[in-house]
Every structure is written in C-alpha cells, then in structure tokens.
Amino acid sequence: MRQTIVAGNWKMNASKEEVNTLVMGILSGMSEVESKVIVCSPFPYLSQVEALITHSQLHLGAQTISIHPSGAHTGEVSADMIKDFGADYVIVGHSERRSMYGETDQDVANKVKTVVDNGLTALFCIGETLEERESGKTEAVVARQIQAVIDTCSIDAFRNIIIAYEPIWAIGTGVTASPQQAQDTHASIRALLATNDENIAQSTPILYGGSMNPGNAAELIACEDIDGGLIGGASLKAEDFLQICKAG
C-alpha cells in the first residue's frame, strides 16, 4: 500500500513573514493529516523552514539542484548545501525548468542521478504540452522522459524517486485533467515501470501535478494509480493546502 504524498511547490514566492505565517498555518492543522507532507521552499528560506518544522511531521524539499558538488558555479546550489539545511527532497525536471531554462531530458536525468547518488529523494516531474496531448503523444512523451532516467540511473534508482505527472497545459491555468485522464496516464506510467521491474512499479509513488485544489483533490487521489499531488498555487494558502493534505 503506497502512502499518499502531498508536496507543495512554492516556486519563486514568499517573504520571511509570509513563510512564517504559511508554515505555522500548515502546522496548526497537521494533527488531522495522515498523508506525508513535503514543502519545497525557495533556497533563501530553507533555513527558516527547517527551524520552523523541527520536531514536526512536515518534510523539507528544494526546488532544483546543481549536478556539480562545489566550485566555480555562480548561482548554483549543490546537494551538500541542500542537505545542510535538512532537506530530503528535491524537485527535478519541473516543466518551468524545462521550458524556461532549457533543461533537456538528459539534463533532468543527470540531476535525478545527483539527487539519488547523494541520498536524497527526487520529485521527478514529467508531462506533455497541450499540442502533444491533442496529437495523441502523451504516453510517448512521458515514456521518453522516464526512459532517460532509467538509462542514466537504472531502474533501481526509482526506489528513491517520486514521480510527479504534471500535464503542462494544466499547470497554473485552472484547467485540470479529468480524474479519468489523469488515472489513465498514471496507469501507463506504472505499466512502463513494470516492463523494467514489477516491484518498483508497484512501490513508486506517482503524484498528479496539474492544478490540484481542495475541490478536486479527493476525487483525483481516490484513483487507483494517483498517490497524491504536487501542488503549486494552492500550497501558498495554508487552509487550501491542508484541505488537499486531508484528502488523502
């Protein structure tokens, strides 16, 4: 039985005051939450969040990572730096990193390898554009993205990977894949993993990451192969985020 996981991706949002209010608001309702809950903070706030969630059931994540361990890489953040602030999770391959910063499937696979090799867990994002969905390429696109990681890291790496399926056309748009659309894609992802290792296929969490909100979370998470959500905008409002967390 896979545990429900809800991860909040704050993206490039928040201030010190807002972080304090948000985290304290989330913590105030965690006694009613059974899901594993991860908050992925911008780098400047990792230390603040680490201090706020000490001795709580919240887990801390970062939003990207450098493949380099140290050195002359201005603006980059290494695995050791991320671990130094108590983070155990790293978002890798978010569609915004792919589209705005040119991260290729191989770049993403290299980052996943860095995460896993350093004892962290990757929140590995995959998903298709609207054009790709409308032309029937969804399964081919996600298969290509997953295969890059298998080829670079091996199927065993998925013991430390959480997949987040995020249809790009549903991110931040308010448009959500129907539960059946999402379930069908999640099932195809699990089937692809099963062609490599059935046990890993059944144990790998697959989250839905396309405009999940308090109104649709329960129906989506109830689907057989949807194990939770990677939440964007709704993760910035404690009450909304908690409602999603409780849906699991």
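Visitor: Let's start with Lys113: is Lys113 buried, partly exposed or exposed?
Guide: Bear in mind that this is a predicted model. Buried would need under 20% relative accessible area and exposed over 50%. Lys113 has a relative accessible area of 34%, so the label is partly exposed.

Visitor: Which residue does the side chain of Lys113 meet in a salt bridge?
Guide: Look along helix H5 for a residue 4 places away, about one turn of the helix. That residue is exposed, at 53% relative accessibility. The N to O distance of the salt bridge is 2.7 Å, and the partner is Asp117.

Visitor: Which residues are joined into one network by salt bridges that share partners?
Guide: Here the salt bridges share partners, so to speak, in a single network. Its members are Arg2, Arg190, Asp225 and Asp227.

Visitor: How many salt bridges does a search of the whole structure find?
Guide: Side chains of opposite charge can pair when their charged atoms come close. One of the pairs here is Glu32 with Lys246, with the closest N and O atoms 3.3 Å apart. Searching the whole structure gives a total of 14.

Visitor: How many residues apart in sequence are the parts that Glu32 and Lys246 tie together?
Guide: Glu32 is exposed, with a relative accessible area of 54%, while Lys246 is partly exposed at 38%. Glu32 sits in the loop between helix H1 (16-28) and strand E2 (36-40), and Lys246 is in helix H11 (residues 238-246), so the pair ties together parts whose separation in sequence is 214 residues.

Visitor: What is the N to O distance in the salt bridge of Asp105 and Arg144?
Guide: This pair links distant parts of the chain, 39 residues apart: Asp105 is in helix H5 (residues 105-117) and Arg144 in helix H7 (residues 138-153). Arg144 counts as partly exposed, at 43% relative accessibility. The two side chains meet in a salt bridge with an N to O distance of 2.5 Å.

Visitor: Moving to the inside, which element gives the most to the largest nonpolar core?
Guide: That core has 69 residues, and Val112, Phe124, Ile146, Phe158, Ile161 and Ile163 touch the most other members. The top contributor gives 6 residues, and that element is H7.

Visitor: How many residues are in the second, separate core?
Guide: Ile5, Tyr89, Leu123 and Ile162 are included in this second core. Its count of residues is 12.

Visitor: Is Thr204 buried or exposed?
Guide: Thr204 is in the loop between helix H9 (198-203) and strand E7 (206-208). Leaving aside neighbours within four places in sequence, its contacts include Phe158, Ile161, Ile163 and Asp227. The relative accessible area of Thr204 is 0%, and buried means under 20%, so Thr204 is buried.

Visitor: Which residue has its backbone oxygen 2.7 Å from a polar atom of the Thr204 side chain?
Guide: With helix H9 covering 198-203, just ahead of the loop that holds Thr204, that helix is a good place to look. The backbone oxygen in question belongs to Ile200.

Visitor: Which helix gives the most to the lining of the largest pocket?
Guide: The largest pocket holds about 420 Å³ of space. Its lining has 15 residues, and Lys11, Met12, Gln63, Arg97 and Tyr101 lie nearest the centre. The leading helix spans residues 95-101 and gives 4 residues to the lining: helix H4.

Conventions:
Residues numbered from 1 in each chain as written. Predicted model: local features only at pLDDT ≥ 70, side-chain atom pairs only at ≥ 80, totals over all residues. Heavy atoms only, no water. Helix = DSSP H or I, 4+ residues; strand = E, 2+ residues; numbered from the N terminus. Buried < 20%, exposed > 50% of the residue type's maximum accessible area, 1.4 Å probe, protein only. Polar contact = N/O pair within 3.5 Å; in protein donor to acceptor, adjacent residues only side chain to side chain. Contact = heavy atoms within 4.5 Å. Salt bridge = Lys/Arg side-chain N within 4 Å of Asp/Glu carboxyl O. Core = buried A, V, L, I, M, F, W, Y, C linked by side-chain atoms within 4.5 Å. 1 Å grid on protein atoms, 1.4 Å probe; cavity = no way out; pocket = protein on both sides within 12 Å on 5 of 7 lines; lining within 4 Å. Points joined across faces, edges and corners; volume = space filled by probe spheres on them.
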